[in-house]
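This report goes through one molecular structure, part by part. Please look at the sequence and the 3D view before reading on.

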Protein chains: 2
Amino acid sequence: MSKVITPQEQDYSQWYNDLIIRSGLADYSAVRGCMVIKPYGYALWENMRDALDKMFKDTGHVNAYFPLFVPKSLFEAEEKNAEGFAKECAVVTHYRLKADPEKPGKLMVDPEARLEEELVVRPTSEAIIWNTYKNWIQSYRDLPILVNQWANVVRWEMRTRLFLRTAEFLWQEGHTAHATEAEARAEASQMLEVYARFAENFMAMPVVKGVKTENERFAGAVDTLCIEALMQDGKALQAGTSHFLGQNFAKAFDVKFSDKENKLDYVWATSWGVSTRLIGALVMSHSDNSGLVLPPKLAPLQVVIVPIFKGDEQLAAISDKVKPIIQQLKDLGISVKFDDNDNERPGWKFAEYELKGVPVRMAIGARDMANNVCEIARRDTKEKMTVSLDGISFYIKTLLDEIQLHLYEKARQYREAHTTEVNNWDEFVKTLDEKAGFVSAHWDGSGETEEKIKELTKATIRCIPFGQPAEQGACILTGKPSQQRVLFARAY
Amino acid sequence: MSKVITPQEQDYSQWYNDLIIRSGLADYSAVRGCMVIKPYGYALWENMRDALDKMFKDTGHVNAYFPLFVPKSLFEAEEKNAEGFAKECAVVTHYRLKADPEKPGKLMVDPEARLEEELVVRPTSEAIIWNTYKNWIQSYRDLPILVNQWANVVRWEMRTRLFLRTAEFLWQEGHTAHATEAEARAEASQMLEVYARFAENFMAMPVVKGVKTENERFAGAVDTLCIEALMQDGKALQAGTSHFLGQNFAKAFDVKFSDKENKLDYVWATSWGVSTRLIGALVMSHSDNSGLVLPPKLAPLQVVIVPIFKGDEQLAAISDKVKPIIQQLKDLGISVKFDDNDNERPGWKFAEYELKGVPVRMAIGARDMANNVCEIARRDTKEKMTVSLDGISFYIKTLLDEIQLHLYEKARQYREAHTTEVNNWDEFVKTLDEKAGFVSAHWDGSGETEEKIKELTKATIRCIPFGQPAEQGACILTGKPSQQRVLFARAY
């Protein structure tokens, strides 16, 4: 374990790894590409999950659970989807181990326990779910189906990064079925809005909403909508996707319904997901060289109170004073910890809670008590203020709201300052190399050009943003005519 | 899908399968031995999970997440554990599929993508977790570790039953690490108490607490504590286990800590778990030939209001009357649905909500409105009562509490009536065959006798109950001396 966090300026990537490990969000594991989500990281995920789950239920969705395994014959049914994921599938081929006759105490795969049909560990669940929906859907009365699943999935990635890209990750995947194209498209749009609201209101992370180019589309989708965020190093990160799947899966699994006129048609589909990757996005949106900076709405611990004392008598007096404040904070729905641990000095504790990203720290000593004040430190700006104890709980509640807004505003300003319109190739390359961030540029609309730009610069088209004004222009690479700008960036 | 539920008296096992499918708790899947947990079943699981999770957190535990896969070399480290699970392991051997050159559009396992070391899909997580704890534990200051995980696990069972025994299931597994044997034993006991409280207070399912015999112990445990419940057909069901693991896993993974005197010792461990199997137990504890009977504390929907109306005007009048009642119920924390669907008749709705096990049904028509009353039907006893609308929400709240208690009391009486003390072999066999239930009998304490009894009668020792008076006796099979009775039953 690294004892010191590498500064961002020195090596952003190393800073990220150090911080994840040091702050106790996650740990490496003995399984290639898989990580352990430690209790502090999991508490953060629980808060994200609970907020998202409520938003899903408020928009009429219910949760269900489908098998981890997908038989190969189902997996390959939707060809594009299968082709897209085939290269990164963990495959179960046997169902038993046995004692290894040549190595006492060791086990071996039992060759007699080979499966007749191999099972793919789900990289995504469209196949197994649409094979199930076939049995649930006969008539328009059975529609819509608005189901979400919280689950683990496995994609065998060659290069992995904690939270950002791991072989196994946790996510949610919504899978909906509809009677009309319009309804399915509206669902895909609605869920993108839900993701955008979650990113902005809970994660304090501004996002661009848009649609992916064909090259970047989800395998098996007709359209992939996405939210894209900008990290502090100027690289983009895809934070959530919502797919309009058309009738592709309905056709692959022969899922038809009879409409009100008793006419048979294939069912329309969407799927949408966000994952533990969002934790990586959260870290890279706000944190600094001292540690995590967490938005109050998601922080596992919102307020820590550190007593500054000598001896039991002073501690007892401070505890008495603080007890009703703790209760008031709890009554306001604020999570709070009183750290009266005698083994560590206040300075050590201050550094530790900074590392953990606790939004508000309150310190109180004997002299403060005499003056009826305390010291409040906010994690985001590191400002310290001496504040009266009268009405302190409401002060803190307001401060938490202010921190939440400030984090969003700071990230929004960063993104605004790092979104650049360019009109030719030189500007494009220079901006990517010297300034980074989102680069808004004209593109001729062809997949080949997109691929060529990626080869030359490592920049990809993050999305074609929604609500952009039409604008005539010339492609930065080919000079061919273009009707609108798209958003390029180097990305995670 | 079976349209009719087979009566319990005719075939209890078929009744169970029919009910699970018909009530929408779960569905079969395309994957051998795996099921789909449908939205209604998952909502029930969410309520169980949330109640348990709160009890875990109230006793100082935190959640974390460990990898799905266990490398074979780790899996085999604790020999007894490995031996116990080796025969039911799904094994990942490859990490890629490729186009099958002989079958266009089909995929095949890529032989070049064979893993150097096979990965076992976790049947339980002691191995991967203790291999991780090794890095987290150096000193007594790092202890205790009180971690729980909500996860899916896979055990390749040959004969599967919906919820009761499936290849993949959802569960929680607590894994704790302690500095002393006493502390670890106390933890194992505490968690058994948590399970017993959950079973009795939430599931309304009385349980016997006790310890397993050596034959029935968890593979790798020193002691397995358990709660055992009795189903309506007189068969027992193991509802939860809590294991004192001694230093077995610490030794297998070399996990030592330095105590206050700087002396090195192996860490002491527990693990404990309950699973979606509890849903099967819940169904078989209370439900009847009309459908599910769910305890109010876990029911996804507690109250349904069915309007009896002709035409929009009557419906509007009933809606107006009912609206404030719905709000009052919600304010009391009660989940309620007003089913004003015009496509189905009240009689159909009554049957449907009976099938779903909604604890309280309120029906209200024009004549009821005139008399300021409604009809209340309770699901457990099927009693119907005409009740004044004044104070109806408090009446319902009290009724829900009463139903919860009544379900528990009914199940407790059934168990009491079906727990029989026997003193010789003939009585033992006759009781098992003619009355079923728990049979309390003397046993000579040997594994061979236990095995022989199982062969002869299919009855197993469910547990050696806690708090039993010492009593001299003779083993029902061998006549050898015995110091206490144990609890036998045929079991799920």
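Which residue is the bridge partner of A:Gly210 in E24(A)? The partner is A:Pro465. The model described here is a predicted one.

## The strand pair around A:Gly210

The bridge between A:Gly210 and A:Pro465 belongs to a pairing of two strands of chain A, E11 (residues 208-211) and E24 (residues 460-465). These strands pair in the antiparallel sense, over two bridges.

## The sheet in chain A

Strands E11 and E24 are neighbours in the order of an open sheet of chain A. The sheet has eleven strands, and its pairing is mixed. Read across, the order is E3-E9-E10-E16-E13-E12-E11-E24-E27-E23-E22. At the edges stand strand E3 (62-63) and strand E22 (419-421) of chain A; each has a single partner strand, so one side of each is left without a neighbour in the sheet.

As general background, strands of a sheet pair through backbone hydrogen bonds, and the pairing is either parallel or antiparallel.

## Two helices of chain A

Helix H9 (residues 311-331) and helix H12 (residues 392-417) of chain A pack with their axes 9 Å apart, at an angle of about 45°. This angle makes H9(A) oblique to H12(A). The crossing in which H9(A) passes H12(A) is right-handed.

Which residues meet where these helices pack? From H9(A) come A:Ile325, A:Gln328 and A:Leu329, and from H12(A) come A:Ile392, A:Ser393 and A:Ile396. Sorted by class, this contact of H9(A) with H12(A) has four nonpolar residues, two polar ones and no charged ones.

## How the two chains are related

A turn of 180° with a shift of 0.0 Å along the axis lays chain A on chain B, with an RMSD of 0.0 Å. That is the relation of a two-fold axis. The same surface serves both copies, as 100% of the contact residues of chain A recur in chain B.

The contact takes 54 residues from chain A and 54 residues from chain B. On the side of chain A that touches chain B, 34 residues are nonpolar, eight are polar and twelve are charged.

## Where the chains meet at the axis

Which residue of chain A comes closest to the rotation axis? It is A:Val92, whose C-alpha is at 2.1 Å. The bridge partner of A:Val92 in E5(B) is B:Val92.

This bridge is part of a pairing between the chains: strand E5 (residues 91-94) of chain A pairs with strand E5 (residues 91-94) of chain B. The sense is antiparallel, and the pairing runs over three bridges.

How values were computed. Residues are numbered from 1 along each chain as its sequence is written. Chains are lettered from A and ligands numbered from 1 in the order in which they are written. This is a predicted model: local features need pLDDT of at least 70, side-chain atom pairs count only at pLDDT 80 or more; totals for chains, interfaces and linings use all residues. Copies are superposed by least squares on the C-alpha atoms of residues with pLDDT of at least 70 in both. Two residues are in contact if their C-beta atoms, placed from the backbone, lie within 7 Å. Ala, Val, Leu, Ile, Met, Phe, Trp, Tyr, Cys and Pro count as nonpolar, Asp, Glu, Lys and Arg as charged, and the others, Gly among them, as polar. Two strands pair if DSSP finds at least two bridges between them. Helices (H or I, at least four residues) and strands (E, at least two) are DSSP runs, numbered from the N terminus. Axes are lines fitted to C-alpha atoms, for helices over the stretch in contact, and angles run from 0 to 180 degrees between N-to-C directions. Angles under 35 degrees count as roughly parallel, over 145 as roughly antiparallel, 65 to 115 as roughly perpendicular and the rest as oblique. A crossing is left-handed if the near helix is turned anticlockwise from the far one by less than a right angle, and right-handed if clockwise.
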